[in-house]
Amino acid sequence: MIYELRTYTVKPGTAPLVAKNSGTVARDIRGDNYGKLEGYWLTEVGPLNQVMHLWSYSDLNERARLRIELSKNPRWGNEYLPLVREHMLRQDIRLLNAHIAPTAPASDGNLYEFRNYRLRPGAMGKWTSIFKDAMEHREKYSKIVGMWATEAGQPNEVCHIWAYKDFDTRMKARGGAAGDPGWQAFLKQSGSMIEEMWSTLMVPSDHSPMK
């Protein structure tokens, strides 16, 4: 399985409209016939004026084939693309291999956090291994949605998504984890492998499979 995270930076104030058109016109045209939509979000804290959507494919060959087929769909070119092109400023794509496959939260109405870390070259294998081993400590406080390593787009990067009921719940969970001896041991062991860290808080769109 290969995952694709697409991040679109759009003109200020247009992200809700882009998300609406994606959830109506685009979904009517493509459904899950050209890749499966795993989640669709609008950024709330961090880089602003962005929508982020996560897709899954059986492999890179299927992704390439389905994207060619989608580009040939006349409704895609005539009905959907004209609705979003005028708002688009930038597109970024990450192709991802899952180390923890995505799992939707048990309940809807969540605040999501996308965290991406750039690791030192050569550190990916060790970091992902100790991260997964440390989940028994971290998930005492909140459940992970998924964790991936980049295949293309951004080298030496890991991405993980978390879900919280609201911002206060996030702060309590992170505070609890910070004081957990098992998680502290992970942080001590892994910190030197990280070169840069980013965090983005996101809210799900109306049509996101993850709410």
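Is Trp183 buried or exposed? That was my opening lookup, and the answer is buried, with a relative accessible area of 10%. Note to self: I'm working from a predicted model.

**Entry: the aromatic pairs**

I ran through the whole structure for ring pairs and got 9 aromatic pairs. I took Tyr117 and Trp127 to start with: the ring centres are 5.8 Å apart and the planes sit at 85 degrees, so I logged the pair as edge-to-face. Tyr117 belongs to strand S5 (residues 111-119) and Trp127 to helix H4 (residues 124-133), so this pair ties together parts 10 residues apart in sequence. I checked burial too, and both Tyr117 and Trp127 are buried.

Then I went to the partner of Trp183. The rings of Phe131 and Trp183 have centres 6.4 Å apart with planes at 70 degrees, so this pair is edge-to-face. It links distant parts of the chain, with Phe131 in helix H4 and Trp183 in helix H7 (residues 181-190), 52 residues apart. Phe131 is buried, and its relative accessible area is 1%. I also found that Tyr117, Trp127, Phe131 and Trp183 join Phe186 in one aromatic cluster.

**Entry: the cores**

Which residues touch the most other members of the largest nonpolar core? I got Leu119, Trp127, Phe131, Met135, Ile144, Trp183 and Phe186, out of 22 residues in that core. The elements giving it two or more residues are S5, H4, S6, strand S7 (157-164), helix H6 (167-178) and H7. H4 supplies the largest share, 4 residues.

I looked up Ile144 by itself. Skipping residues up to four places away in sequence, Ile144 touches Ile100, Phe131, Met135, Glu139, His160, Ile161 and Trp162. Apart from the largest core I found another one, of 16 residues, with Val18, Ala19, Ala26 and Met88 among them.

**Entry: helix H1**

Where does helix H1 (residues 15-30) bend? At Ser22, by about 35 degrees. Its buried residues are Ala15, Val18, Ala19, Asn21, Ser22, Ala26, Ile29 and Arg30. So the bend residue, Ser22, is on my buried list. I traced what the buried residues of H1 pack against and wrote down strand S1 (2-10), strand S2 (36-45), strand S3 (50-57), helix H2 (60-71) and helix H3 (74-85). Just after H1, Gly31 takes a positive phi of about 50 degrees.

Arg30, from that buried list, also turned up in my search for charges over rings. Arg30 lies over the face of Trp55, at 3.7 Å from the ring centre.

**Entry: Ser142 and Arg138**

The other arginine I noted in that search is Arg138, which lies over the face of Trp162, at 4.2 Å from the ring centre. I then followed Arg138 to Ser142: a polar contact of 2.7 Å joins their side chains.

Ser142 sits in the loop between helix H5 (135-138) and strand S6 (144-152). Why does Ser142 count as buried? Because its relative accessibility is 9%, and the cut-off for buried is under 20%. Leaving out neighbours within four places in sequence, I have Ser142 in contact with Trp162, Ala163, Tyr164 and Ala173. Trp162 thus appears twice in this entry, under Arg138 and among the contacts of Ser142. Trp162 is also one of the residues that Ile144 touches.

Technical notes. Residues are numbered from 1 along each chain as its sequence is written. This is a predicted model: local features need pLDDT of at least 70, side-chain atom pairs count only at pLDDT 80 or more; totals for chains, interfaces and linings use all residues. Side-chain values use heavy atoms; hydrogens and water are left out. Buried means under 20% relative accessible area, exposed over 50%, partly exposed in between (1.4 Å probe, protein chains only). A polar contact is a pair of N or O atoms within 3.5 Å; within protein, one must be able to donate a hydrogen and the other to accept it, and residues adjacent in sequence count only if both atoms are side-chain atoms. Contact means heavy atoms within 4.5 Å. Rings of Phe, Tyr and Trp (its six-membered ring) pair if their centres lie within 6.5 Å; planes under 30 degrees apart count as stacked, over 60 as edge-to-face and the rest as tilted. A charge sits over a ring if NZ of Lys or CZ of Arg is within 6 Å of the ring centre and within 35 degrees of the ring normal. A nonpolar core is a set of buried Ala, Val, Leu, Ile, Met, Phe, Trp, Tyr and Cys residues joined through side-chain atoms within 4.5 Å. The bend at a residue is the angle between axes fitted to the seven residues ending there and the seven starting there.
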